[in-house]
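Colleague: I am new to this model and would like a close look at a single part of it, the aromatic cluster. Please set out the general layout before you come to that part.

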Amino acid sequence: MSGSAAAEPAAYRHCRTIAAAHGRTYFLATRLLSPEQRPAVHALYAFARTVDDIVDHGAEDAAAQLDRIEKQLRERLPATGPEPVPRADSPGRELVLSAVADTITRFGIAPQHFWTFLDAMRMDVPDSPHFRNRYATMAELREYMRGSAAAIGLQLLPVLGTVVPAAEAEPAAAALGEAFQLTNFLRDVGEDLDRGRVYLPTAELAAFGVDEDLLAHCRRTGRTDPRLRRALAHLIATNRALYRRATPGIELLHPRVRPAIRTAAVLYAGILDEVERSEYAIFTRRATVPRRRRLRVAATEFTTAYLRG
């Protein structure tokens, strides 16, 4: 195991702080996990958030930073041997890398899922040869989500545990990751436009008469054109189909973790309800599930799990 045992609690505490600050839905869901699982989920979230922040902040050296993170993580894993581990660029990043390397080792997570994730993030970096900021079809978008979202579901699976061979649970875990990601894309159309990105399939938008000029107009005015409303309704239906495909896989997980994952799925899908409730006002407000509902769903899942024993 890389890193000193004394440093690990501080590293995990730092990851917990990141998860609490930025991932309210996921953080609430982790409260239903065992004390041994929570730090690992916080570490995985913090790693993904750290990488995502590098990409979203548009640093000139973003591609180089991603390369350094991959190199530093690889060198922290046992397969690299007893070579000295280089320190990361900042104390916070050092703590995140220490925690995620320990999590990978502790739970036997396949490192390939992290390299797949980093490759997808390179697709968001303009000076990377992998760069891509438009996707014509849902199939093309799902290829991106294979790394940006499905890989994260596969990272989580060994932490959560299954009642079947892990390979049987992987398709549902990947689908749930994709469902979460597509929800983000539908909620954050305006923010993504500001970064020069369109994550909704352009051919599917065009079927409803929506092009980039219309999207830009909606962003400027803060008004969602009826054509875009119809396109969003269609894509929300597509998103809900992904949740339906993923939901049976929750029963393949260890019984102890099912309430947490079900809570995350219900609450994240609830963002779609909020988008609809606002009449698709995605350019003037960020759709979030009200705190009272988040607490009610979590309490219901906890009570149901307790009564089942």
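Modeller: The protein has 14 helices and 0 strands, so read from the N terminus every element in the run is α. The model is predicted. Its pLDDT averages 89 over the protein, and 88% of the residues score at least 70. Residues 1-7 have a pLDDT below 50, and beyond near neighbours in sequence this stretch has 8 contacts in the model.

The protein has 309 residues, of which 51% count as buried. Among contacts between residues at least 6 apart in sequence, 72% join residues at least 24 apart.

Next comes the core. The largest nonpolar core has 98 residues. Phe 47, Leu 73, Phe 114, Leu 141, Tyr 144, Leu 205 and Leu 228 are the residues with the most contacts inside this core. Helix 3 (residues 38-56) supplies the largest share of the core, 11 residues. Domain 1 (9-112 + 121-131) and domain 2 (132-308) both give residues to the core, so the core lies between them. For Phe 47, one of the residues with the most contacts inside the core, the contacts can be listed. Leaving out residues up to four places away in sequence, Phe 47 touches Ile 69, Leu 73, Val 96, Leu 97, Val 100, Phe 114, Phe 117 and Leu 118.

Now to the part you asked about. The count of aromatic pairs comes to 9. A pair of aromatic rings is described by the distance of the centres and the angle of the planes. Tyr 135 and Tyr 144 form a tilted pair, with 5.5 Å from centre to centre and 45° between the planes. Tyr 135 counts as buried, at 0% relative accessibility. Tyr 144 also counts as buried, at 3% relative accessibility. Tyr 144 pairs with Phe 185 as well: the ring centres are 6.3 Å apart and the planes stand at 35°, so this pair is tilted. Tyr 144 lies in helix 7 (residues 138-160) and Phe 185 in helix 8 (residues 166-187), so the pair ties together parts that are 41 residues apart in sequence. Both Tyr 144 and Phe 185 are buried. Together, Tyr 135, Tyr 144, Phe 185 and Tyr 199 form one aromatic cluster.

Two members of the cluster, Phe 185 and Tyr 199, are also touched by Asp 192. Asp 192 lies in helix 9 (residues 189-194) and is buried, with a relative accessible area of 8%. Not counting residues up to four places away in sequence, the contacts of Asp 192 are Phe 185, Arg 197 and Tyr 199. Thus this buried Asp 192 has two residues of the aromatic cluster and Arg 197 among its contacts.

Another aromatic ring has a charged residue over its face. Arg 74 lies over the face of Trp 115, at 4.0 Å from the ring centre.

A last site is Val 275, in helix 13 (residues 258-277). Val 275 is buried, with a relative accessible area of 3%. Apart from neighbours within four places in sequence, Val 275 is in contact with Ile 236, Tyr 280, Ala 281, Ile 282 and Ala 287. The C-alpha atoms of Val 275 and Val 289 are separated by 9.8 Å, and the two residues are 14 apart along the chain.

Definitions and conventions: Residues numbered from 1 in each chain as written. Predicted model: local features only at pLDDT ≥ 70, side-chain atom pairs only at ≥ 80, totals over all residues. Heavy atoms only, no water. Core = buried A, V, L, I, M, F, W, Y, C linked by side-chain atoms within 4.5 Å. Buried < 20%, exposed > 50% of the residue type's maximum accessible area, 1.4 Å probe, protein only. Helix = DSSP H or I, 4+ residues; strand = E, 2+ residues; numbered from the N terminus. Domains from an automatic or database assignment. Contact = heavy atoms within 4.5 Å. pLDDT = per-residue confidence, 0-100. Phe/Tyr/Trp six-rings, centres within 6.5 Å; stacked < 30°, edge-to-face > 60°. Lys NZ or Arg CZ within 6 Å of the ring centre and 35° of its normal.
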